[in-house]
Amino acid sequence: DGSVRRQSRFKFWPDLPVREAAMALHRQTTIARAVAMLVETFGEERAPSKSALHRFWTQLDVVRGVA
């Protein structure tokens, strides 16, 4: 119908260091451990939640052809 779709991004998406760290931890550790590491490194405000990280990793799997 020609309408523009809304493209939502994760809150941490514009924060490149956090995004790169989240991508580096993908398939290297558990979600809980990754979130703890991200909170330790970047602080509570910048680190993604467990659910946000899970959704992000799920999308990475799709993009990379794992899922």
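A residue counts as buried when its relative accessible area is under 20%, as exposed when that value is over 50%, and as partly exposed in between. The exercises below apply this to a predicted model.

**Exercise 1. Decide whether Asp 61 is buried or exposed, and say in which element it is found.**

Solution. Begin with the place of the residue along the chain: Asp 61 is found in helix 3. Next, take its relative accessible area, which is 13%. Since the cut-off for a buried residue is under 20%, Asp 61 is therefore buried. Finally, set this beside the rest of the helix, where the buried residues are Ala 52, Leu 53, Phe 56, Trp 57, Leu 60 and Asp 61.

**Exercise 2. Describe the overall make-up of the protein chain: how many helices and strands does it have, and what does it span along its principal axes?**

Solution. Start with the elements, for the protein chain has 3 helices and 0 strands, and reading along the sequence gives the pattern α-α-α. Then turn to the dimensions, where the C-alpha trace spans about 45 × 30 × 20 Å along its principal axes. As a third step, consider burial: 28% of the 67 residues count as buried. Last, look at the contacts between residues at least 6 apart in sequence, of which 55% join residues at least 24 apart.

**Exercise 3. Compare the expected span of helix 3 with the distance between its end C-alpha atoms.**

Solution. Helix 3 covers residues 50-64, which makes 15 residues. The expected span is 1.5 Å times one less than the number of residues, so helix 3 should span 21 Å. The end C-alpha atoms of helix 3 are 21 Å apart, and the two values therefore agree. Beyond the helix, the residue that follows is Gly 65, whose phi is positive, near 80 degrees.

**Exercise 4. Find which residues touch the most other members of the largest nonpolar core, and which element gives the largest share of this core.**

Solution. The largest nonpolar core has 14 residues, and those that touch the most other members are Phe 12, Ala 22, Leu 38, Leu 53, Phe 56 and Trp 57. Two or more residues of this core come from each of helix 1, helix 2 and helix 3, and the largest share, 5 residues, comes from helix 3. To follow one member outward, take Leu 53, which, leaving aside residues up to four places away in sequence, touches Ala 22, Ile 31, Ala 34, Val 35, Leu 38 and Pro 48. On the scale of whole elements, what covers the buried residues of helix 3 includes helix 1 (16-25) and helix 2 (31-42).

**Exercise 5. Work out which of the neighbours His 26 and Arg 27 is buried and which is exposed.**

Solution. Locate both residues before judging them: His 26 is found in the loop between helix 1 and helix 2, and Arg 27 also has its place in the loop between helix 1 and helix 2. The relative accessible area of His 26 is 6%, so His 26 is buried, whereas Arg 27, at 55%, is exposed. Now ask what lies against His 26: not counting residues up to four places away in sequence, His 26 touches Trp 57, Leu 60, Asp 61 and Arg 64. For Arg 27, note the backbone, where phi is near 65 degrees, a positive value in a residue other than glycine. To close, return to Asp 61, whose C-alpha atom is separated by 9.5 Å from that of Arg 27, although the two residues are 34 residues apart along the chain.

Note on methods: Residues are numbered from 1 along each chain as its sequence is written. This is a predicted model: local features need pLDDT of at least 70, side-chain atom pairs count only at pLDDT 80 or more; totals for chains, interfaces and linings use all residues. Side-chain values use heavy atoms; hydrogens and water are left out. Helices (H or I, at least four residues) and strands (E, at least two) are DSSP runs, numbered from the N terminus. Buried means under 20% relative accessible area, exposed over 50%, partly exposed in between (1.4 Å probe, protein chains only). Contact means heavy atoms within 4.5 Å. A nonpolar core is a set of buried Ala, Val, Leu, Ile, Met, Phe, Trp, Tyr and Cys residues joined through side-chain atoms within 4.5 Å.
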